[in-house]
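Open the model in a viewer and keep the sequence panel visible. The stops below are given as selections, each followed by what is found there.

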Amino acid sequence: LSSDIALALFDLNGLMISAGSACSSGAAKTSAIMNHLGFTKEAKNGLRISFSIDLTESELEEIIKRVRLTLAKLKT
């Protein structure tokens, strides 16, 4: 599944996430971290979620709920 399609589905479920690293300045590069961890095939379609330093537990629970719902839709 391409990251573009996954990003659209996450967006439809109220999650603003990104593809690529936070410091890539919009460059279409694969994730160096995923490559380093051995996920070379998956690295080009990796997704990144950034969290606020003052994220509350209830906000995190809502994010987890929405991620699970989106992943369930991706599997069908």
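Select E62 and K65 in helix α3 and show their side chains. The two residues are three apart in that helix, which means that about one helical turn separates them. In this predicted model, their side chains meet in a salt bridge, with an N to O distance of 3.8 Å. The cut-off for such a pair is 4 Å, so a separation of 3.8 Å qualifies.

Keep E62 and add R66. These two also lie in helix α3, four residues apart, again about one turn of the helix. Their side chains form a salt bridge at 2.7 Å, N to O.

Now display E62, K65 and R66 together: salt bridges link them in a network. How many salt bridges does a search of the whole structure find? The search finds two. As general background, side chains of opposite charge can pair when their charged atoms come close.

Turn on a surface for these three residues. Are they buried, exposed or partly exposed? E62 has a relative accessible area of 30% and is partly exposed. K65, at 46%, counts as partly exposed, and R66, at 29%, also counts as partly exposed. Partly exposed covers the range between the 20% limit for buried and the 50% limit for exposed.

Next, hide the charged side chains and select A6, F10, L15, I17, I63 and V67. These six residues make up the largest nonpolar core. Colour by element to see which parts of the chain supply them: α1 (3-12) and α3 (57-75) are the elements that give two or more residues to this core. In soluble globular proteins, nonpolar side chains tend to be buried together.

Centre the view on F10, a member of that core. Which residues does F10 touch, leaving aside those up to four places away in sequence? The list is L15, I17, L47, V67, T70, L71 and L74.

Finally, zoom out and switch to a cartoon. The chain has three helices and two strands, and along the sequence they follow the pattern α-β-α-β-α. Of the 76 residues in the chain, 17% count as buried. Among contacts with a separation of 6 or more, 68% come from residues 24 or more positions apart. With the full surface shown, the accessible area of the chain is about 6,000 Å², and carbon and sulfur atoms account for 59% of that area.

Key:
Residues are numbered from 1 along each chain as its sequence is written. This is a predicted model: local features need pLDDT of at least 70, side-chain atom pairs count only at pLDDT 80 or more; totals for chains, interfaces and linings use all residues. Side-chain values use heavy atoms; hydrogens and water are left out. A nonpolar core is a set of buried Ala, Val, Leu, Ile, Met, Phe, Trp, Tyr and Cys residues joined through side-chain atoms within 4.5 Å. Buried means under 20% relative accessible area, exposed over 50%, partly exposed in between (1.4 Å probe, protein chains only). Contact means heavy atoms within 4.5 Å. Accessible areas come from the Shrake-Rupley method with a 1.4 Å probe; for residues, only the protein chains shown count as cover.
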